Structures are given as C-alpha cells and as structure tokens.
Amino acid sequence: MVDVLLGLQWGDEGKGKIVDYFAPSYDVIARFQGGPNAGHTLYVKDKKIVLHQIPSGIFHSNTVNLIGNGVVLDAVTLKKECETVASFGVDYTQNLYISQRTNLILPTHRALDKASETLKGNDKIGSTLKGIGPAYMDKTGRNALRVGDILDKNFTTQYIRLRLKHQKLLDSMHFNEDISAWEDEFFEGIEFMRKFKIVNGEYFINEKISQGKKVLAEGAQGSMLDVDFGTFPFVTSSNTISAGVCTGLGVAPQKIKEVIGVTKAYCTRVGSGPFPTELHDATGEELRKTGNEFGATTGRPRRCGWIDLVALKFACMVNGVTQLVMTKADVLDAFAELKVCGAYKINGKEQTQVPYQMTKVDIEPVYRSFNGWKQDISKLCDPAGLPEAMKYYVDHINNYLGVKVSYISNGPGRDQIIPTL
Ligand code: GDP
Ligand code: IMO
Ligand code: MG
C-alpha cells in the first residue's frame with residue numbers, strides 16, 4: 001500500500017521533518033512531483049540539511065528512495081545534494097533510484113523562468129527561478145528530455161535541438177545573459193547521473209507494493225500551490241495534491257491508503273499571490289521571527305498569518321486527508337491571543353468556500369479568538385502534558401475540518417513530535 005504525506009497550505013509546512021520521522025516505518029520514500037523549488041529541512045545529528053530533490057528518507061539505511069516520473073529534475077542540484085548527503089555517510093548509490101521517465105530541467109529552462117518573471121514585472125509569480133514552469137511546459141508540450149534519454153548516444157544532439165528552440169524564445173524575450181557556465185555544470189551533472197540506478201519507476205514501485213512493502217509518497221510545495229486547485233496563477237506547475245501520486249509514480253488510486261496532511265499551527269506563504277489571513281503588523285513579524293520563517297530554497301522572508309480553516313478544509317477535501325500533522329505549534333508558545341479564520345467575508349457576505357479566483361475578490365477573514373497557552377511546549381513528549389488552551393485550539397481545528405490532528409510537532413528536532421491520538 002501507499003501512504004501519502006503532503007502539505008496543505010502554501011508549502012514549507014515541515015514535510016521534510018515529518019517524512020524523516022516516519023521513514024523508519026516505510027520501505028520506500030518516493031517524490032512524485034516538483035523539483036528543486038522544494039526545500040525540505042531535516043536535522044541529522046543536530047545538523048541542519050535542506051533537501052531539494054532527494055526524498056527525505058535518505059538518512060535511513062533500510063529505506064529506499066525514488067525520484068518519480070512526476071518530478072522535474074535538475075542534475076546540477078542533484079549532484080550537490082548527493083555530495084551533501086554523502087558527507088553524512090549516506091551511500092546514495094545504494095538507496096537512491098531515479099525513474100527513467102523523470103523530466104530534466106535544462107539550463108535554458110532556468111533562463112526562461114527568469115526571463116518570464118522579468119517580463120511579468122509587478123505581476124510576477126515570485127517563482128524560485130529553478131526552471132520549474134518551463135520544464136513542465138516542455139513536458140506537456142511534448143518536447144522534454146527525460147532521464148532515460150541520457151543513456152541514449154544521441155542525447156547531446158537532442159539537447160542541442162531543444163536548446164536552439166529555447167534560444168529563439170529567449171531572444172524574443174530579450175534575455176541575453178551568458179549561460180555557458182550553467183551548461184558546463186549541466187553536462188557534469190548529466191555525467192554524474194549516468195552512474196545512478198535509473199529504473200522503470202512504475203514497475204519498481206508496483207513490484208514493491210506487490211511484495212507487501214510500505215511506500216510513502218512525499219509531496220512537495222502545498223495544496224494551495226497546486227496548478228489546478230491552488231491560487232492560480234500564483235501556483236507552481238505540478239499537481240501537488242494526492243491525485244498527483246497516481247500520475248507522478250504510476251500507482252493506481254486504490255493502492256493509496258492514508259493521506260497525511262501537514263499544516264502549520266499558523267500559516268505562511270513565500271512568493272506572490274493571495275493570502276487572506278496574512279498579517280502585515282507586529283504579530284506577523286513576531287511569527288516570522290519566532291518561527292524563523294525564511295525560505296529554505298531562496299532565503300526570502302515568508303509572509304506570515306493566522307491559520308486559515310477555509311483553505312485547509314478545501315485542501316482536506318481535494319486530497320482526501322485521513323489524518324493531520326500540526327507543525328510549529330511551539331512557535332505560538334508566547335502568544336496571548338490566537339486567531340483562527342473560519343469564513344471569508346466577500347462583498348459583505350460570509351462564505352466557507354474557497355472562491356474560484358482569490359486574486360479577483362476582496363476577502364476579509366472572519367476570525368474566532370482563542371487564548372494562547374503561554375507555556376514552553378518544546379520539551380514535551382507526552383500528550384497528557386499539553387496545555388488545556390492548546391487542546392481547546394486543536395479540538396476546534398479537528399471539529400471544523402472533520403479530520404483529526406494525530407501528531408503535534410513542537411520543534412525542528414527529529415524527536416520533537418507528540419502523538420495525540
Ligand atoms: P518543508 O518544505 O515542508 O519540508 O518545510 P521547510 O523545511 O521549508 O520549512 C519548515 C521549517 O520549520 C524548517 O526550518 C524546519 O526545521 C522547521 N520546523 C519543522 N517543524 C517544526 C516545529 O515543529 N517547530 C519549529 N519551531 N520548527 C519546525
Ligand atoms: P516546499 O516543498 C514554498 C512557490 C514559489 C512561488 C510559486 C511558484 O519546500 O514546500 P515555482 O518555482 O514552483 O515556479 O514557484 O510557488 N513555491 C514554494 N513555496 N515551498 C515550496 O516548496 C515551494 N515551491 C514553490 O515561492 O510563489
Ligand atoms: Mg520548504
């Protein structure tokens with residue numbers, strides 16, 4: 001069977017830490033979408049590591065990791081990441097597999113991303129500039145090069161053909177930066193990748209499932225960044241929701257069992273786009289400071305605000321979430337008052353549905369206030385010790401969403417997690 005773990009907000013919910021925590025109970029951890037736009041933070045031997053493309057099970061020697069076909073892969077980033085994990089004694093040549101159908105990010109995809117964002121000016125998406133959008137465009141446009149192609153002797157010719165096509169586009173967008181250094185690195189990365197276990201990902205994963213092995217599909221980004229269901233056009237270019245697991249790994253829907261949704265105890269967003277509960281005041285600043293809310297991939301300050309149950313309920317619905325993990329609860333320790341958004345007021349009317357185009361309407365969040373717990377929870381490990389005010393806050397969320405929080409994460413450390421059911 002396959003369980004899924006994914007983010008329910010706008011990314012950075014703490015997925016990496018939670019996957020690392022659950023990994024010992026799984027045989028395979030598989031990434032099914034996204035690419036180096038992701039930044040998943042883990043602590044190994046008290047050292048911080050940010051993974052971008054390698055699944056977060058890599059530090060567990062009994063767990064096999066697969067980069068699935070739904071991912072767009074940057075060979076340069078992969079090489080760097082592999083060097084980092086190797087410095088922790090991980091033999092990635094043994095426990096990391098790549099699907100041959102995984103699409104490649106080319107240096108020109110990164111250039112196109114940059115050129116496109118520049119042209120958009122104030123309307124820019126705030127992309128991570130990793131080439132994600134252009135790479136997925138080449139996938140659906142049926143032009144892309146895939147990992148399996150690097151084993152073909154005509155790979156360079158195919159690359160040059162696509163590069164020329166991109167060059168015309170870049171010229172039309174008046175992009176004239178010299179990217180030859182990126183190209184050198186790219187070919188080094190491709191050479192490095194040729195040594196990998198490149199597999200038929202769909203057979204690989206289905207054989208594991210038939211053998212009764214446990215698979216955890218690790219999401220990147222978050223449901224509100226999904227290309228179909230997120231705050232379009234301020235989204236990423238992949239299906240980040242649970243449905244993406246089927247197309248991104250080649251597993252049938254009936255193989256999916258648990259869908260574990262990760263949410264922060266509050267909410268953040270990085271990049272442009274609507275964020276109804278965003279706080280532009282001292283409280284928002286306090287959340288950013290206490291939560292150390294700066295992007296793991298780009299270092300940009302994250303926008304911060306209160307938890308938004310309207311958006312979370314929508315995310316639970318489109319994903320079929322069966323259990324919740326609430327992260328960064330400790331960040332709220334010092335707050336005297338907490339707010340929870342339970343409805344949106346649009347044109348004077350309250351509603352509990354996410355509107356079609358959040359960008360086109362004026363949303364006023366309707367809040368309910370809660371007392372803060374004003375207590376350090378970061379050292380707790382027994383749910384019985386959780387403050388009453390916190391139980392009340394979490395109960396309200398459980399009841400509103402109709403799904404229960406089964407774990408509360410109370411710090412970035414590997415062991416800072418409390419089972420609550
Ligand atoms: P991901 O992209 O969903 O994996 O999340 P990121 O790694 O981008 O961002 C989450 C940040 O919060 C990282 O710096 C984590 O180390 C940190 N983090 C995760 N869980 C907790 C928690 O429960 N409490 C605190 N204080 N930090 C956490
Ligand atoms: P993880 O996996 C937070 C955001 C970008 C931008 C939009 C589109 O760490 O949660 P893209 O580069 O995908 O074209 O950017 O999506 N974004 C993320 N925000 N966490 C992420 O990943 C993100 N990946 C992309 O900031 O607004
Ligand atoms: Mg992240």
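## Two ligands, two pockets

Ligand 2 sits in the largest pocket. That's a good place to start in this predicted model, and ligand 1 can follow right after, since the space taken by ligand 1 is the second largest pocket.

Let's stay with ligand 2 for a moment. There are 21 residues around ligand 2, and those that come nearest are Asp12, Lys15, His40, Thr128 and Thr236. Which classes make up that shell around ligand 2? Ten of its residues are polar, eight are nonpolar and three are charged. Some of the contacts are easy to pick out on screen. Look at Lys15, where a polar side-chain atom lies 2.7 Å from an oxygen atom of ligand 2. Asn37 also uses its side chain: an N or O atom there is 2.9 Å from an oxygen atom of ligand 2. With Gln221 it's the backbone that takes part, as one of its polar backbone atoms is 2.8 Å from an oxygen atom of ligand 2. How much of ligand 2 does the protein bury? Taken alone, ligand 2 exposes 550 Å², and 97% of that is buried by the protein.

Now over to ligand 1. Its surroundings hold 19 residues, with Gly14, Lys15, Thr41, Asp330 and Ser409 coming nearest. You'll recognise Lys15, which is also on the list of residues that come nearest to ligand 2. Two elements are worth tracing here: helix 1 (15–22) and strand 3 (40–44) each give the shell around ligand 1 at least two residues. By class, this shell splits into eight polar, seven charged and four nonpolar residues.

Which atoms of ligand 1 do Gly14, Arg302 and Asp330 approach? For Gly14, a polar backbone atom is 2.8 Å from an oxygen atom of the ligand. Arg302 brings a polar side-chain atom to 3.1 Å from an oxygen atom of ligand 1. Asp330, in turn, has a polar side-chain atom 2.7 Å from a nitrogen atom of ligand 1. On its own, ligand 1 has 580 Å² of accessible area, and the protein covers 93% of this.

Time to zoom out to the whole fold. The protein's secondary structure comes to twelve helices and 20 strands. Why can we call the protein as compact as a globular protein of its length? Because its radius of gyration is 21 Å, close to the 22 Å that the globule rule gives for 421 residues. If you line the model up along its principal axes, the C-alpha atoms fill a box of roughly 65 × 50 × 40 Å.

Finally, two bits of backbone deserve a look. Most peptide bonds are trans, and most residues other than glycine have a negative phi. Against that background, check the bond between Phe232 and Pro233: this one is cis, with omega about 5°. Pro233 belongs to the loop between strand 10 (215–218) and helix 9 (243–249). Then there's Asp46, a residue other than glycine whose phi is positive, near 65°. Where do you find Asp46? Head for the loop between strand 3 and strand 4 (47–51). Strand 3 is one you've already met, as a supplier of residues to the shell around ligand 1.

Terms used
Residues are numbered from 1 along each chain as its sequence is written. Chains are lettered from A and ligands numbered from 1 in the order in which they are written. This is a predicted model: local features need pLDDT of at least 70, side-chain atom pairs count only at pLDDT 80 or more; totals for chains, interfaces and linings use all residues. Side-chain values use heavy atoms; hydrogens and water are left out. A residue is near a molecule or strand if one of its heavy atoms lies within 4 Å of it. A polar contact is a pair of N or O atoms within 3.5 Å; within protein, one must be able to donate a hydrogen and the other to accept it, and residues adjacent in sequence count only if both atoms are side-chain atoms. Accessible areas come from the Shrake-Rupley method with a 1.4 Å probe; for residues, only the protein chains shown count as cover. On a 1 Å grid over the protein atoms alone, a cavity is a set of points where a 1.4 Å probe fits but cannot get out, and a pocket is an open set with protein on both sides within 12 Å along at least five of seven lines; lining residues have an atom within 4 Å of a point. A molecule sits in a cavity or pocket if more than half of its atoms lie within 2 Å of its grid points. Ala, Val, Leu, Ile, Met, Phe, Trp, Tyr, Cys and Pro count as nonpolar, Asp, Glu, Lys and Arg as charged, and the others, Gly among them, as polar. Helices (H or I, at least four residues) and strands (E, at least two) are DSSP runs, numbered from the N terminus. The radius of gyration is taken over C-alpha atoms; the globule rule is 2.2 Å times the number of residues to the power 0.38.
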